[in-house]
Amino acid sequence: MTLKFKQIDLPIRPISKPRPRSFMGQKRPYNPPQYKNWLKEAKFYLQNQWKLEPLTTVHRLEIFFRGAEIGDLDNKSGSVMDAAKNILWIDDSVKVIPNLHLFFKKVKLKDSHIIIKITWEADDD
């Protein structure tokens, strides 16, 4: 087995995952349109930079957030985890991603972005 590494750059501002809201008669929790649009844009960048099948095990995941000091780091990571599910990895459970590291740096809004560094084990070819 060999460790493989890939860096993925998302040129979009970090956004916090909203709390799920449910209303009477709804089958799925409500997500605000802003979050849905952000997910769509993030998935576009992820799919353009990741051409492998979703990983069943991630050796190490690092996410670097660059943006405004708004929100909680765990909620910002939740939005990335949602966007990358079924693209980078099959699920964001601890069984699939047991080693997660989060970083934040304040930058001007125009310079906001996200860097994902993912390491996984691959068979030697």
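On one side of helix α1, P33, N37 and K40 are exposed (over 50% relative accessible area, 1.4 Å probe, protein chains only). This is a predicted model, in which local features need pLDDT of at least 70, side-chain atom pairs count only at pLDDT 80 or more, and totals for chains, interfaces and linings use all residues. Residues are numbered from 1 along each chain as its sequence is written, and side-chain values use heavy atoms, with hydrogens and water left out.

**Helix α1**
- Y35, W38, L39, A42 and L46 of α1 are buried (under 20% relative accessible area).
- These residues cover an arc of only 100° around the axis, so they sit on the same side of α1; the arc is taken from the directions from the helix axis to the C-beta atoms.
- Among the elements covering the buried residues of α1 are β1 (2-10), α2 and β4 (113-122).
- Helices (H or I, at least four residues) and strands (E, at least two) are DSSP runs, numbered from the N terminus.

**K76 in helix α2**
- K76 belongs to helix α2, which covers residues 73-84.
- K76 is buried but has no salt bridge (a side-chain nitrogen of Lys or Arg within 4 Å of a carboxyl oxygen of Asp or Glu).
- The nearest side chain of opposite charge to K76 is D72, 8.4 Å away; Lys and Arg count as positive and Asp and Glu as negative, while His and the chain ends are not counted.
- Leaving aside residues up to four places away in sequence, K76 touches P14, I15, S16, K17, F65, A68 and I70, where contact means heavy atoms within 4.5 Å.

**L109 in a loop**
- L109 sits in the loop between β3 (100-106) and β4, and is exposed with a relative accessible area of 61%.
- L109 and E69 are 40 residues apart along the chain, and their C-alpha atoms are separated by 10 Å.
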